[in-house]
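Biologist: Please show me the model, and let us go through the terms used to describe it one at a time.

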Amino acid sequence: MKAGKPVFVCQECGAQAPKWMGQCAECRAWNSIVEERVSEPAAAEGHRYAMPGVGSSARLYADVSISSAIRLSTGIGEFDRVLGGGVVPGSLVLLGGEPGIGKSTLLLQAAAHFARTVGPVLYASGEESEHQIKSRGERLGVGAAPLYLLAETCLEKILEEIARLKPALVIVDSIQTVFSMKFQSAPGSIGQVREAATQLLFAAKGRNIPTVLVGHVTKDGALAGPKVLEHVVDTVLYFEGERHHSQRVVRAVKNRFGAVSELGVFEMTGTGLRPVPNPSQLFLSERAKDTPGSAVLCCMEGSRPILVEVQALVSTSSYGTARRMAIGIDPHRLSLLLAVLDKRAGFSLAGDDVFVNVAGGMAVDEPAADLGVVAAVASSLRNRALAPSTAVFGEVGLSGEIRGVPNAALRIREAGQMGFTRILLPAANADPAGDARTEGCEVIGIASVAEALDALLT
Ligand code: TYD
Ligand code: MG
């Protein structure tokens, strides 16, 4: 092999430049261009990106058999749920998250179960030694299982071990530490990450081995390295949660084999991650009843209804301009809702600071959360607690109307199961023949913000 020509690649967006520049011409990022060299393979090796073991002749649609119906369970129900019902053979999954959130813990737990029930698992780690992984495993109670540990960062060695062991599952922790000998750039650079992901993709598809890659995230929360990584893989999962809370959430943002925005909830304990099959209970567990400024909202995460507590605090502003702060909901949405309260319900908030928080570190980004925010803010402003057995959901429009939202029946059922007896929802969703009756809930359809506040505060 001879060393190829140098190329200059932006580490932010992947654009190539003919020479080094201080600023990328494509994405305008500063100091992001790095020289990379690719060694050119000898002609006999064939093309670097030729897929091994995959036929190149076209096949009739009807003749293609589907293997995607098979799902292999990781033994962790909440993790299977975000994957769309389990791991699909031959799929490539990317799990991103901040350092210390629990990625390695979750994957080691899943690997141990997989090894016990399905077949051998290869856990390649470039971040920790075998000793470190084992001492974590002892804490998690891994026990006897055909689980192979490989503390290696060289891509070619990992691929060799995959070929030798023929595991049922491969885990690479993390993709940013893996390097290929064909490149001279440092591990984590765009060329290395792209090459490692592509070669592991071919290994996964060619041998039908499901593969999970761990990805680092940057300061602003996006997966580090190029976006190309997200395009290459079949499924992208994000591991989220507040460092100081024990709640952890795994969210699917792309899934070729299942629903996106599916959510799995975990709790970090002394012996690893514990799945939380009933998240509503967890998110409402510390709710102070009879306190002004607290409303219970039925929101949807993927196909799953979850009850969360929306808290608001309205206090007189001591500075010239009133402050608005939102945690867990979009701050722009909060401004809009405050304007609607002001104009359509006669609540004057101009001289008040408004703080809104979704308890438990959850983030809610659907319009159905509007009514929860409005109810919490109004309750705090009037200093009146809402009835503790009441839950709400609904989108608020600019004319103060309450608009219908999807999955009303699921939300009502979840609220009923959690012991709520009165539910305020958009009039459009208040179907008198719906399942609500069976749950023994009083369902109140409302058409406007003013009507909702009348029902809540009197
Ligand atoms: P880890 O899986 O190493 O995070 P990541 O791979 O995402 O960087 O998780 C590390 C954190 O989890 C660490 O702060 C300790 C905590 N932890 C527990 O609380 N209980 C446990 O059983 C384990 C293994 C870790
Ligand atoms: Mg780790």
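Modeller: This is a predicted model. Helix 2 (103-117), helix 3 (130-140) and strand 11 (263-269) each supply at least two residues of the shell around ligand 1.

Biologist: Which residues of that shell come nearest to ligand 1?

Modeller: The shell has 16 residues, and Gly100, Ser104, Thr105, Arg136 and Gly272 come nearest. By class, the shell divides into four nonpolar, eight polar and four charged residues.

Biologist: What makes the approach of glycine 100 to ligand 1 a polar contact?

Modeller: A polar contact is a pair of N or O atoms within 3.5 Å. A backbone N or O atom of glycine 100 lies 2.7 Å from an oxygen atom of ligand 1, so the pair meets that cut-off. For glycine 102, a polar backbone atom is 3.0 Å from an oxygen atom of the ligand; for glycine 270, a backbone N or O atom lies 3.1 Å from a ligand oxygen. Both pairs therefore qualify as well.

Biologist: How much of ligand 1 does the protein bury?

Modeller: Taken alone, ligand 1 exposes 560 Å², and the protein buries 74% of that.

Biologist: Why are strand 6 and strand 12 said to stand at the edges of their sheet?

Modeller: That open sheet has nine strands in the order 6-5-7-8-4-9-10-11-12, with mixed pairing. Strand 6 (147-150) and strand 12 (272-275) each have a single partner strand, so one side of each is left without a neighbour in the sheet. From one strand to the next, the twist averages 25°.

Biologist: How do you know that strand 10 and strand 11 pair?

Modeller: Two strands pair if at least two bridges are found between them. Strand 10 (residues 247-255) and strand 11 are joined in the antiparallel sense over five bridges, so the condition is met. Glutamine 247 has glutamate 267 in strand 11 as its bridge partner.

Biologist: Which strands does helix 3 lie across?

Modeller: Helix 3 lies across strand 5 (121-125), strand 6 and strand 12, and runs at about 145° to strand 6.

Biologist: What makes strand 14 and strand 16 a pair in the other sheet?

Modeller: In that open sheet, seven strands follow the order 15-16-14-13-17-20-21, and the pairing is mixed. Strand 14 (residues 304-316) and strand 16 (residues 352-358) are antiparallel over seven bridges; at least two are required, so they count as a pair. Leucine 313 stands opposite phenylalanine 355 in strand 16.

Technical notes: Residues are numbered from 1 along each chain as its sequence is written. Chains are lettered from A and ligands numbered from 1 in the order in which they are written. This is a predicted model: local features need pLDDT of at least 70, side-chain atom pairs count only at pLDDT 80 or more; totals for chains, interfaces and linings use all residues. Side-chain values use heavy atoms; hydrogens and water are left out. A residue is near a molecule or strand if one of its heavy atoms lies within 4 Å of it. A polar contact is a pair of N or O atoms within 3.5 Å; within protein, one must be able to donate a hydrogen and the other to accept it, and residues adjacent in sequence count only if both atoms are side-chain atoms. Accessible areas come from the Shrake-Rupley method with a 1.4 Å probe; for residues, only the protein chains shown count as cover. Helices (H or I, at least four residues) and strands (E, at least two) are DSSP runs, numbered from the N terminus. Ala, Val, Leu, Ile, Met, Phe, Trp, Tyr, Cys and Pro count as nonpolar, Asp, Glu, Lys and Arg as charged, and the others, Gly among them, as polar. Axes are lines fitted to C-alpha atoms, for helices over the stretch in contact, and angles run from 0 to 180 degrees between N-to-C directions. Contact means heavy atoms within 4.5 Å.
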